[in-house]
Amino acid sequence: MDKGYENERFESVSIKTSVAQKFTKFCKKLSKSKSMTLLLMLEFFEENGISPYESIGPKIQTLEELIKKRINGVIAIMKDIEKNQTKPTVAMMQSLFEQAEPPKKNLILEKEIPQEKPRVKFVEREQKDNKL
């Protein structure tokens, strides 16, 4: 049953056999009843302001071409901004930060550990005697 239309009665419409067969196949593709398919088709035409006598092919193609041109225009603008504004600005900022890098200060809580010179534990006597 069609949701929302359970209590409505059926009305008959006379159509040619070949049209009825074609419509039945279309209903099966949509997995809808004949009533719901016809209702969807009527709502589609009404909402989009399309007349069955008009051809929508060239209109859609024209819109698609316009959208592609605008997208290409936006891409060109973004590339120009990146080339002329973003990259030079980033380079200047990096050079400024490299020059103005503050010296590293020890934290107050950090203790400095004195570095001891490595002690020589073993000295050979022969070397010691030769030096004297």
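User: Why is Arg9 called exposed in this model?
Analyst: In this predicted model, Arg9 has a relative accessibility of 69%, and since the word exposed is used for values over 50%, Arg9 counts as exposed.

User: What makes the contact of Glu11 and Arg9 a salt bridge?
Analyst: The side chains of Glu11 and Arg9 come to 3.5 Å, N to O, and the cut-off asks for a side-chain nitrogen of Lys or Arg within 4 Å of a carboxyl oxygen of Asp or Glu, so the pair qualifies as a salt bridge. Glu11, with a relative accessible area of 60%, is exposed, as is Arg9 at 69%.

User: How many salt bridges does the structure hold, and what makes Lys87 and Glu82 one of these pairs?
Analyst: The structure holds three salt bridges. For Lys87 and Glu82 the closest N and O atoms are 4.0 Å apart, a value to be set against the requirement of within 4 Å, and the pair is listed as a salt bridge. Lys87 counts as exposed at 53% relative accessibility, whereas Glu82, with a relative accessible area of 39%, is called partly exposed because this value falls between the cut-offs of 20% and 50%.

User: How do you know that Lys68 and Glu64 are separated by about one helical turn?
Analyst: Lys68 and Glu64 are four residues apart in helix 3, which means a separation of about one helical turn. Their side chains meet in a salt bridge at 3.6 Å, N to O, and Glu64 is partly exposed, with a relative accessible area of 41%.

User: What makes the nonpolar surface patch, and why can Leu63 belong to a patch?
Analyst: The patch, of about 470 Å², is made by Leu63, Leu66, Ile67, Ile71 and Ile75. Leu63 lies in helix 3, which covers residues 57-99, and its relative accessible area is 52%; because patch residues need over 30%, Leu63 meets that condition, and with a value over 50% it is also called exposed.

User: How is the chain built, and how much of the chain counts as buried?
Analyst: The chain has four helices and zero strands, and read along the sequence it follows the pattern α-α-α-α. Of its 132 residues, 5% count as buried, the word being kept for a relative accessible area under 20%. The accessible surface comes to about 14,200 Å², with 58% of it belonging to carbon and sulfur atoms.

User: Which residues and helices line the largest pocket, and what is the volume of this pocket?
Analyst: The largest pocket has a volume of about 760 Å³. Its lining is formed by 21 residues, of which Phe10, Glu11, Lys34, Ser35 and Leu38 are the closest to the centre. Helix 1 (17-30) and helix 2 (34-48) each supply at least two residues of the lining, and the largest share, six residues, comes from helix 2. By class, the lining residues divide into twelve nonpolar, three polar and six charged.

User: What makes the phi of Ser31 worth a remark, and where is Ser31 placed?
Analyst: Ser31 has a positive phi of about 60° although it is not a glycine. Most residues other than glycine have a negative phi. The place of Ser31 is in the loop between helix 1 and helix 2, and at 64% relative accessibility, a value over 50%, Ser31 counts as exposed.

Note on methods
Residues numbered from 1 in each chain as written. Predicted model: local features only at pLDDT ≥ 70, side-chain atom pairs only at ≥ 80, totals over all residues. Heavy atoms only, no water. Buried < 20%, exposed > 50% of the residue type's maximum accessible area, 1.4 Å probe, protein only. Areas by Shrake-Rupley, 256 points an atom, 1.4 Å probe, with all protein chains shown as cover. Patch = residues over 30% accessible without salt bridge, like charges linked within 9 Å, V, L, I, M, F, W, Y side chains within 5 Å. 1 Å grid on protein atoms, 1.4 Å probe; cavity = no way out; pocket = protein on both sides within 12 Å on 5 of 7 lines; lining within 4 Å. Points joined across faces, edges and corners; volume = space filled by probe spheres on them. Nonpolar A, V, L, I, M, F, W, Y, C, P; charged D, E, K, R; others polar.
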